[in-house]
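Biologist: Could we go through this entry together? I would like to begin with helix packing and then turn to the sheet.

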Amino acid sequence: MTETVILGVIGSDAHVVGVTILEQALSAAGFDVKNLGVQTSQEEFVAAARTHDADAVLVSSLYGHAAQDCEGFHERFAEAGLDVPTYIGGNLSVGQDDWSETRTYFENLGFSRVFDSETDPEEAVEALRHDLDIDQTEAETEPARVRT
Amino acid sequence: MVRNVRLSTEELEAIADDLRDNWPTAEAVDFREAVSYHEDLPDEKRFAEVLESADRPLLQPRAGVPRLDDQVELLTHLHEDGGADLLPTTIDSYTRDNEYEKAQEGLEKARETNDDTLNGFPAVNHGVDRCRELIERVDAPIEVRHGTPDARLLAMITFAGGFQSFEGGPVSYNIPYTKRHDLEETIEHWQFVDRLAGLYTEFGVRINREPFGPLTGTLVPPSIAIAVMLVEGLLAAEQGVRSITLGYGQVGNLVQDVAALRALRSLGEEYLPDEVAVTTVFHEWMGGFPPDEARANGVIGLGGATAAVAKPDKVITKSPQEFQGVPTMEANAAGLRTTRQVIDMMREQHISLDGVDEEQQFVERSTRSLMDTIFACGDGDVANGVVEAFATGKLDVPFAPSDSAAGAVLPARDDDGRVRILEFADLALDDDLKEVHTARLDERAETEGRKRSFRMVADDVDAISDGRLIGRPQEGQS
């Protein structure tokens, strides 16, 4: 079975490079990737997760408004009866906030994992394999170094 | 179907009348009165004349803050302490989305709290008189720099407000910037902007127009960037614009950057009508910067060195604080001074670089191949052709977020650090040219002992911020 992963940049953010490379990395790792691209609304994430029967939803944000853009995100998923792992990654804090505070903030919003902008795509792949109980010996990958 | 034909004065006036309802400050725009305002401006504030008569590359930073007094202070600092020849006024993001209500809230909040609650100068909200106050209080020509797909009202107000240069274009301010703006509609909107600039030109006020060369700013192959510049130059020229500055963003390989800047100038002069004064602008590295001011200065210095050899008419500088976002005015001025120091030490040296001519020929042949495709897509019409070319992926920009482009082409650096095309998707480049790209990337793959793949792209995107040019596999990683 191929796991389906929804990918997108939330809010009115137009940073496309990270999500493009993550799409390539996840596809190469064998996931069925639905990349919603930049400027994706909460509704679009929910609709895509439902339509594609997604196994995980990955949210990217680089422009500093992640906190506002993700408010109510998990309530929408709950209302739609969807219970899937949700990850968020990118430049999540505004200004000089402490990273552990930032991570806790987004975990409290309901994200299963929170990644900073220095994360290798391979870390997201590993996390997905762990969280979705995928046998890691199946796929062969070489690590890629990139910020998501 | 959009065609590359000049808007009539009746069409221009009808659109302008409609736009007047979009925000109250539009009421103050009076074309004839604005022409006479421009006529009274001193020579040193005439953007096109200053740029076109320069005998060395002019320097210009990026800068925009919400309040007028702060913008005057910022630009004065960049002019006096940074030595900027040309100044910018960068417009805030709400205005770029035509959200004037939100820009107004941000401006009022900025005035109340003294915080910069907008990331630029909301020129529409400030209106004609306050734009003029900015022009009058600063002693250099000022360009409007933004990123607005529908910049019609912004152009009406800033042209009437005394600005004589306006960045952007229907492809360069759409495809790299937004997701849902239809390209055909964006071309119509920019035909208005260009026609308005053309009308001012006919009344003796030569408004300079500058298509945004770096596009997505991330490893854009020169031929793609130059093709977009030529398209936007042709569209602007048709509407009567007579001063056009074509842009290109540094990729970091000295030979390729010099070759591309020369190709940009030569193709610009060839493709654009004779009555257009073509100038070029070089943007210092637009991708990710090192998170270290000392190393960032190295990137900026290489930009200055490239400019000293290639001699573009203008250089848009970066600051050593690029990594962290908007720089302080001191850091912004420092980027200008670093660039100036390198250019002025190098510009009188006669430097010849092996391989520039060959690379220039390659860039030119590739650009011609893309231009032929664009004209063929539109049965000879460049406006319709560029829409069709993007819709079919025959023309494409790497990492383009727009629904109007495929965004499927992927670049990677070759073994020499020049940007080549790894994934063509449907890009309509001649086969013999494609073979060169592939062969060069194979050389790199062999050097690195790995396959040609997106991992090179991923590594290359971060290489400069990591302290290198080419994203080679690192020790300790398998």
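Modeller: One definition comes beforehand: axes are lines fitted to C-alpha atoms, for helices over the stretch in contact, and angles run from 0 to 180 degrees between N-to-C directions. Please note also that this is a predicted model.

Biologist: At what angle do helix 9 and helix 15 of chain B pack?

Modeller: The angle between helix 9 (residues 183-202) and helix 15 (residues 382-391) of chain B is about 150°, and their axes are 10 Å apart. Because angles over 145 degrees count as roughly antiparallel, helix 9 of chain B is roughly antiparallel to helix 15 of chain B.

Biologist: Is that crossing left-handed or right-handed?

Modeller: The two helices of chain B, 9 and 15, cross in the right-handed sense.

Biologist: Which residues meet there?

Modeller: From helix 9 of chain B come Leu183(B), Glu184(B) and Ile187(B), which meet Ala383(B), Val387(B) and Phe390(B) of helix 15 of chain B. Five of these contact residues are nonpolar, one is charged and none is polar.

Biologist: Now the sheet in chain A. What is the strand order?

Modeller: The order is 2-1-3-4-5, in an open sheet of five strands with parallel pairing. Strand 2 (32-35) and strand 5 (113-115) of chain A are at the edges with a single partner strand each, so one side of each has no neighbour in the sheet. From one strand to the next, the twist averages 20°.

Biologist: How many bridges join strand 1 and strand 2 of chain A?

Modeller: Four bridges join strand 1 (residues 4-9) to strand 2 of chain A, in the parallel sense. Thr4(A) has Asp32(A), in strand 2 of chain A, as its bridge partner.

Biologist: And which strands does helix 6 of chain A lie across?

Modeller: Helix 6 (residues 121-131) of chain A lies across strand 1, strand 3 (56-61), strand 4 (86-90) and strand 5 of chain A. Relative to strand 5 of chain A, helix 6 of chain A runs at about 175°.

Definitions and conventions: Residues are numbered from 1 along each chain as its sequence is written. Chains are lettered from A and ligands numbered from 1 in the order in which they are written. This is a predicted model: local features need pLDDT of at least 70, side-chain atom pairs count only at pLDDT 80 or more; totals for chains, interfaces and linings use all residues. Angles under 35 degrees count as roughly parallel, over 145 as roughly antiparallel, 65 to 115 as roughly perpendicular and the rest as oblique. A crossing is left-handed if the near helix is turned anticlockwise from the far one by less than a right angle, and right-handed if clockwise. Two residues are in contact if their C-beta atoms, placed from the backbone, lie within 7 Å. Ala, Val, Leu, Ile, Met, Phe, Trp, Tyr, Cys and Pro count as nonpolar, Asp, Glu, Lys and Arg as charged, and the others, Gly among them, as polar. Two strands pair if DSSP finds at least two bridges between them.
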